[in-house]
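Biologist: I should like to go through this model with you before planning further reading. May I put my questions one at a time?

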Amino acid sequence: MFSFLIKRLLQSFMVLLSVAFIAFALFKFVGDPINNMVGQDTTLVEREALAERLGLNDPFPIQFFNFIKGAAVGDFGLSYRHKVPVSQLIAERAPATLELSIISALLSVFIGIPMGVYTAIRRKGFLSRSFMTVSLVGISLPTFLIGILFIFLFGVILRWLPTFGRGEVVQIGFWSTGLLTWSGIKSLILPAVTLALFQMTLIMRLVRTEMLEVLTTDYIKFARARGLKENAVNFGHALKNTLIPVITIIGLQLGLVMAFAIITETVFQWPGMGMLFIQAIEEVDVPVMAAYLMMISVVFVAINLAVDILYAFVDPRLTIDGGSKHG
Amino acid sequence: MVDSEMKSNSKWVQFLKGDLWYDFTRSPVAIVSFLTMAVCLFLAAAAQWVAPFDIFDLATLELMDADLPPPWADEYGEDKFFLGTDDQGRDIWSGILYGAQISVFVGLASVIISAVVGVSLGLLAGYAGGRIDSFIMRVADIQLSFPAILIALLIDGVMRGLLPRELHDELAIYVLIFAISISGWVQYARTIRGSVMVEKHKEYVQAGLVIGLPSRIIAVKHILPNVLNPLFVIGTIHLATAIITEATLSFLGVGMSPTTPSLGTLIRIGNEYLLSGEWWITLFPGLALVVLVLSVNIFGDWLRDALNPKLR
C-alpha cells in the first residue's frame with residue numbers, strides 16, 4: 001500500500017513536471033517577452049538590463065527552476081494583452097466558471113441518477129425508452145450545437161431566457177456571484193443545462209447498466225423472497241451498491257465538466273476561465289495559456305490521484321500488481 | 001495478375017456469403033445509416049462537382065445576395081440559393097458541401113494517423129514488453145485521464161503559439177490533424193497491445209522464433225495481420241469523434257479560418273447572426289454535421305455489435 005502511494009505520487013509529480021516543461025517551452029519559444037513588455041522606443045541597453053533583471057540571460061536549468069518556483073505560488077507574470085498579473089485575471093474569472101460547473105454537476109447528478117434508476121426498474125416502459133433514445137442523441141450531438149439549438153429555441157423564438165453573459169452579479173469579497181440576482185439566475189439556466197446534458201446522459205446510462213446488473217444478483221432475489229417492499233429492495237439494497245462505481249465516475253467526470261465548460265462558455269459568452277483561455281490562444285497570450293495549462297493539469301492530476309487512492313483502499317487487489325488499475 | 005484477381009474475387013464472394021453481410025441485409029438501422037454515411041461522404045468528396053457555386057471564387061460573390069433566407073421559408077429568398085446565403089452572399093448549400101469536405105478530410109486523416117501511431121506503439125509495447133511496454137502504457141494512462149477534446153485543444157493552442165502568426169491560417173488544417181490524431185492514438189494502442197500479448201504466445205510465433213526469424217519480422221509480418229481486426233470498428237467510431245473534435249475546435253475559433261471554412265467554422269460564422277433572426281446560416285451546417293456524425297456513429301455501433309462474437 002505504502003509503496004503504491006509513493007509510486008503514484010511520484011508519477012503525478014512527473015506528469016506535472018512535464019506539463020510545466022511544456023508551459024515553460026511556450027515562454028521560451030513563443031514571442032519575445034521583452035517585446036511584449038516595452039514600447040518601440042526602448043533602447044537596446046534598457047532591453048538588455050530588463051532581460052538581465054528578469055533572469056532571461058540565466059542558464060536554462062535556472063530559468064526553468066525559477067519558472068517552477070513562480071508557478072508553484074501561482075505567479076505567471078503579466079498577461080501580454082491585458083497587462084495585469086495572470087493570477088489576478090484568473091481569480092476574476094474563476095467564480096463564473098466554478099458556479100457554472102458546480103451547478104451543472106449538481107443538475108446532472110440529481111437528474112441523471114433518478115433517470116437511470118427509473119430506466120433500470122421499468123426497462124420496457126415508454127418513458128424509459130424515450131429517455132434512452134433522447135440520451136443517445138444527447139451523446140452524439142456536439143455540446144456547442146446543443147447550446148446553439150437552445151439559444152435558437154429559448155432565446156430567439158420563445159424569448160424566455162437571456163443567451164449571453166452572466167446577468168447582474170453581486171460582489172461578495174473576492175467572489176462575484178450571479179446566484180443572488182434574478183437576472184443572474186436566468187442567465188445561468190441555459191449554459192448550465194447545456195453543460196449538464198452530456199454528463200446527465202452519461203450518468204443515467206451508467207446507473208442503468210450498473211443497476212440492471214445488481215438487480216440480477218442473488219441477494220436482491222433473496223431480499224424479494226423475504227417479502228421486502230419493492231421500494232426497499234430497489235433503493236435500500238440495489239441503489240446503494242450501484243453508487244460506488246457511479247461516484248468514482250462522477251469524480252472523474254469533474255474534469256470533463258471543466259473541459260466542456262470551455263465550449264459552453266464560448267457559446268454563451270460566459271465570462272469564465274474557459275473563454276479567457278480561448279482568447280489567449282487566439283491572441284497568443286503566452287502567460288495566460290501557460291497558467292491555464294498548469295491549472296487544468298493540477299486539477300486533473302489531483303482528481304485522478306484521489307480516485308486511484310480511493311480505489312486502492314476499496315479494492316486491495318489492485319496494489320499487488322504494481323498498482324495499475326488497468327492491469 | 002489473374003491470380004490476384006481470382007483471389008480478390010473469392011474474397012468478395014466469401015464476404016457476400018459471410019455473417020456480416022447477412023446481418024447487414026437484415027438490419028434496417030445498418031442499411032439506412034450506411035447509406036446516409038455513404039451519401040454524405042460522396043457529397044463531401046465530390047463537392048467541387050456537386051456544389052452549384054464555387055464559394056472560393058470571390059468573383060461570383062455579390063453583396064446583393066448577402067443574407068438571403070431560403071426561398072421556401074421566406075418570400076425574399078431566391079430560388080438558386082435553396083438554403084439561403086450567408087453574410088457575404090455565399091450559397092449555404094455549397095458552403096456545406098465544401099465545409100463537409102474539409103471536415104471529412106481532417107477526420108479521415110486524423111483517424112489514419114492515430115491508427116498508424118497507435119498500432120505501431122501498441123505492437124511495440126505488446127511485443128517488446130518490459131520497460132518499453134510500461135513506459136508507453138504509462139503515457140497512455142496519463143493521456144487517457146485527460147479528455148481527448150481538451151488534449152486536442154491544448155496541442156492546438158500550443159502549436160498555434162509556436163508557429164508564427166502569419167502562418168496560422170495556412171497551416172491550420174495540419175495543426176488540426178496533428179492535434180486530433182495525437183489525442184486519439186491511445187485507444188488503438190491499448191487494443192492492439194492486448195491482442196499482441198495474446199498472440200505472441202501462440203505456436204506460429206514460437207515456430208518463427210525457432211527457425212530464427214528476427215523479431216522485427218515476426219512482429220510486423222506474422223503477428224500484426226492477426227490483430228488488425230478490431231481496427232475497423234475503432235476507426236469508424238473514432239471518425240465520428242474526430243469530426244466532432246474538428247468542428248468544436250473550429251467553432252471555438254482555433255481551427256479552420258473563415259476563408260477555408262469547415263462545418264464548424266460555418267456554424268461559428270452563422271452563430272453571430274443567430275440572434276438577429278438569420279437562423280439558416282448556422283442551423284443548416286449544424287444539421288449537416290449532425291446527419292454526418294450520427295450516421296457514422298450509428299453505423300459504427302452496429303458494426304461493433306455485429307463483429308462481437310459474444311452478442312451472436
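Biologist: With which residue do the side chains of a salt bridge join E199(B), and at what N to O distance?

Modeller: Please note that this is a predicted model. A salt bridge requires a side-chain nitrogen of Lys or Arg within 4 Å of a carboxyl oxygen of Asp or Glu. The side chain of E199(B) satisfies this with an N to O distance of 3.1 Å, and the partner is K202(B).

Biologist: Is E199(B) buried or exposed, and how does K202(B) count?

Modeller: Buried means under 20% relative accessible area, exposed over 50%, and partly exposed in between. E199(B) has 10% relative accessibility and therefore counts as buried. K202(B), at 38%, therefore counts as partly exposed.

Biologist: Which residue meets R304(B) in a salt bridge, and in which helix do both lie?

Modeller: The N to O distance in this salt bridge is 3.1 Å, and the partner of R304(B) is D301(B). Relative accessibility is 40% for R304(B) and 27% for D301(B), and each value counts as partly exposed. The two residues are three residues apart, about one turn of the helix, and both lie in α14 (residues 280-307) of chain B.

Biologist: Which residues do salt bridges that share partners join into one network?

Modeller: Side chains of opposite charge can pair when their charged atoms come close. One such pair is D141(B) with R138(B), at 3.3 Å, N to O. Salt bridges that share partners join R138(B), D141(B) and R190(B).

Biologist: Where do D141(B) and R138(B) lie, and is D141(B) buried or exposed?

Modeller: D141(B) and R138(B) are three residues apart, about one turn, in helix α6 (residues 130-144) of chain B. R138(B) has a relative accessible area of 31% and is therefore partly exposed. D141(B) has 15% relative accessibility, which means that D141(B) counts as buried.

Biologist: How many salt bridges are found over all chains, and how many between chain B and chain A?

Modeller: The search of the whole structure, over all chains, finds seven salt bridges. Between chain B and chain A, the count is zero.

Biologist: What is the area buried between chain B and chain A, and what share do carbon and sulfur atoms give?

Modeller: The contact involves 39 residues of chain B and 38 residues of chain A. The buried area is about 3500 Å², and the share from carbon and sulfur atoms is 80%.

Biologist: At what angle do α10(A) and α7(B) pack, and what is the handedness of the crossing?

Modeller: Helix α10 covers residues 230-267 of chain A, and helix α7 covers residues 148-162 of chain B. Their axes are 8 Å apart, at an angle of about 60 degrees. The crossing is left-handed.

Biologist: Which residues of α7(B) are met by α10(A), and what is the class of the residues in this contact?

Modeller: From α10(A), the residues involved are A259(A), I262(A) and I263(A). In α7(B), they meet I149(B), L150(B) and L153(B). By class, the contact has no polar and no charged residues, but six nonpolar.

Biologist: Where is E246(B) found, and what is its relative accessible area?

Modeller: E246(B) is found in helix α12 (residues 231-252) of chain B. Not counting residues up to four places away in sequence, E246(B) touches S103(B), V106(B), L176(B), I180(B), M256(B) and S262(B). E246(B) is buried, and its relative accessible area is 0%.

Biologist: How many helices and strands has chain B, and what percentage of its residues is buried?

Modeller: Chain B has 14 helices and zero strands. Of its contacts with a separation of 6 or more, 70% come from residues 24 or more positions apart. Of the 312 residues in chain B, the buried share is 49%.

Biologist: What is phi of R159(A), and is R159(A) buried or exposed?

Modeller: R159(A) lies in the loop between α7 (143-157) and β1 (170-172) of chain A. Phi of this residue, which is other than glycine, is positive, near 55 degrees. At 64% relative accessibility, R159(A) therefore counts as exposed.

Biologist: In which loop is Q269(A) found, and what is its phi?

Modeller: Q269(A) is found in the loop between α10 and α11 (273-283) of chain A. At 46% relative accessibility, Q269(A) counts as partly exposed. Although Q269(A) is not a glycine, its phi is positive, at about 50 degrees.

Note on methods: Residues are numbered from 1 along each chain as its sequence is written. Chains are lettered from A and ligands numbered from 1 in the order in which they are written. Side-chain values use heavy atoms; hydrogens and water are left out. Helices (H or I, at least four residues) and strands (E, at least two) are DSSP runs, numbered from the N terminus. Buried means under 20% relative accessible area, exposed over 50%, partly exposed in between (1.4 Å probe, protein chains only). Contact means heavy atoms within 4.5 Å. Axes are lines fitted to C-alpha atoms, for helices over the stretch in contact, and angles run from 0 to 180 degrees between N-to-C directions. A crossing is left-handed if the near helix is turned anticlockwise from the far one by less than a right angle, and right-handed if clockwise. Ala, Val, Leu, Ile, Met, Phe, Trp, Tyr, Cys and Pro count as nonpolar, Asp, Glu, Lys and Arg as charged, and the others, Gly among them, as polar. Buried area is the accessible area (1.4 Å probe) that two parts lose on being put together, summed over both.
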